[in-house]
Amino acid sequence: MPWFPDFASAVELARQQTRATGLADPVGQYFAALNSGDTRALETVWPGEVVVHDPRAGEVRGHRQLRHFVSRNQHWLAEHHARIETVASTYSSGRAVVELLAHLDVDGREIAWPVAVVAEAPDDLSVVFRSYCSQVPVAGRHEFRAAVLKPGQVHPGDVAGRFHAALEAGDVEAMVSTFEADGYFREPIGPHATHRGTAELQSFFARRFSAGGGMGLEHCAVTDDGVRCALEYNCVRWGGHDLPPQAGLGVYERGPDGLLAAARVYHDVEPPAELP
């Protein structure tokens, strides 16, 4: 999974939540060093801990590992003529979630790859990144992603909470009722897998729940700015199938009437084989 320059946007949003006005900005200096390729200044610019949780590379910890990670992925992005589009940003209480679409050239065809990046700054000198996406658009297959976070006593509220209660129960009508008339659900594999409006949503969720019920999620972290609610979770059940905990993230965007205008999910959980 590539290192996207737009991570800087996520860090800046997190920084705004955690740093007092007027203090020096080691985060901005750090990314300036990355973008210029001057890695000599890394330790002095950001002496704290830097951790990246990446779907393919796993855990990247510390400046030395980070330099190798960034170098490899910068080459990968260049080879695939990457163009990065920011979809939305959500931040609250020292945590930021940035949703991206990476437009890539893969085997001679252009794809749009949804990726979500969470940036969390535990202090002024340290930062943790967590990336969520499906490997299907670029690798042609699902790849198992072990849990990154432990479940916590957190739950999304209002319409996002009702959506997840219906998801757990496998209640198609209740799920569809959480959306606006023109609301949409986007699957992790790309914008082409978007289901908009009541009829499409009913058909899609009926298929998703045909494996014997809904999905069981362990809630790990909620980032809610009042417009969008981002939930980091572990998927542990799909229908009647128990699963080893797999990391994922969903963003639930409220419309003016309080219902969902959009739900976008980022995970690589493989559906049960019997689903249509």
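**Cavities, cores and strand pairing in a predicted model**

By class, 6 nonpolar, 3 polar and 3 charged residues line the largest cavity. The model is predicted. The lining consists of Pro55, Tyr132, Cys133, Gln135, Glu143, Phe144, Arg145, Ala247, Gly248, Tyr266, His267 and Asp268. Three strands each supply at least two of these residues: S6 (126-133), S11 (241-254) and S12. The space in this cavity is about 70 Å³. The count of cavities of 30 Å³ or more comes to 2. Rolling a probe the size of a water molecule over the atoms shows where empty space is left.

The chain holds 276 residues, of which 52% are buried. Its secondary structure comprises 8 helices and 12 strands. Among contacts between residues at least 6 apart in sequence, 56% join residues at least 24 apart.

Strand S7 spans residues 179-186, and 6 of its 8 residues are buried, so the strand is largely enclosed by the rest of the structure. S7 runs parallel to strand S12 (residues 260-267), with 4 bridges joining the two. Within this pairing, Phe185 stands opposite Ala263 of S12. S7 also pairs with strand S8 (residues 194-196), here in the antiparallel sense and over 3 bridges. Arg186 has Thr194 of S8 as its bridge partner. In a regular strand the side chains alternate between the two faces of the sheet.

In soluble globular proteins, nonpolar side chains tend to be buried together. The largest nonpolar core has 26 residues. The members that touch the most other members are Phe163, Leu167, Met175, Phe179, Phe185, Phe205 and Tyr252. Several elements each supply at least two residues of this core: helices H6 (158-169), H7 (172-176) and H8 (197-208), together with strands S7, S9 (215-224), S10 (228-238) and S12. Strand S12 thus appears in two settings: it supplies at least two residues of this core, and at least two of the lining of the largest cavity. Phe185, one of the core residues with the most contacts to other members, is also the residue that stands opposite Ala263. Beyond residues up to four places away in sequence, Met175 touches Phe163, Ala166, Leu167, Phe205 and Phe209. A second, separate core has 20 residues, including Val60, Val70, Val106 and Val117.

Two residues illustrate contacts across the chain. Arg228 lies in strand S10. Its relative accessibility is 15%, below the 20% cut-off, so Arg228 counts as buried. Its contacts, leaving aside neighbours within four places in sequence, are Ala88, Ser89, Thr90, Glu99, Thr223, Val251, Tyr252, Glu253, Arg254 and Arg264. Among them, Thr90 is 138 residues from Arg228 along the chain, yet the two C-alpha atoms are separated by 6.4 Å. Tyr252, another of these contacts, is a member of the largest nonpolar core.

Pro244 lies in strand S11. Its relative accessible area is 45%, so Pro244 is partly exposed. Outside four places in sequence, Pro244 is in contact with Phe144 and Cys235. Phe144 also belongs to the lining of the largest cavity. Pro244 and Ala146 are 98 residues apart in sequence, while their C-alpha atoms are 7.7 Å apart in space.

How values were computed. Residues are numbered from 1 along each chain as its sequence is written. This is a predicted model: local features need pLDDT of at least 70, side-chain atom pairs count only at pLDDT 80 or more; totals for chains, interfaces and linings use all residues. Side-chain values use heavy atoms; hydrogens and water are left out. Buried means under 20% relative accessible area, exposed over 50%, partly exposed in between (1.4 Å probe, protein chains only). Two strands pair if DSSP finds at least two bridges between them. A nonpolar core is a set of buried Ala, Val, Leu, Ile, Met, Phe, Trp, Tyr and Cys residues joined through side-chain atoms within 4.5 Å. Contact means heavy atoms within 4.5 Å. On a 1 Å grid over the protein atoms alone, a cavity is a set of points where a 1.4 Å probe fits but cannot get out, and a pocket is an open set with protein on both sides within 12 Å along at least five of seven lines; lining residues have an atom within 4 Å of a point. Grid points are joined across faces, edges and corners, and a volume is the space filled by probe spheres set on the points. Ala, Val, Leu, Ile, Met, Phe, Trp, Tyr, Cys and Pro count as nonpolar, Asp, Glu, Lys and Arg as charged, and the others, Gly among them, as polar.
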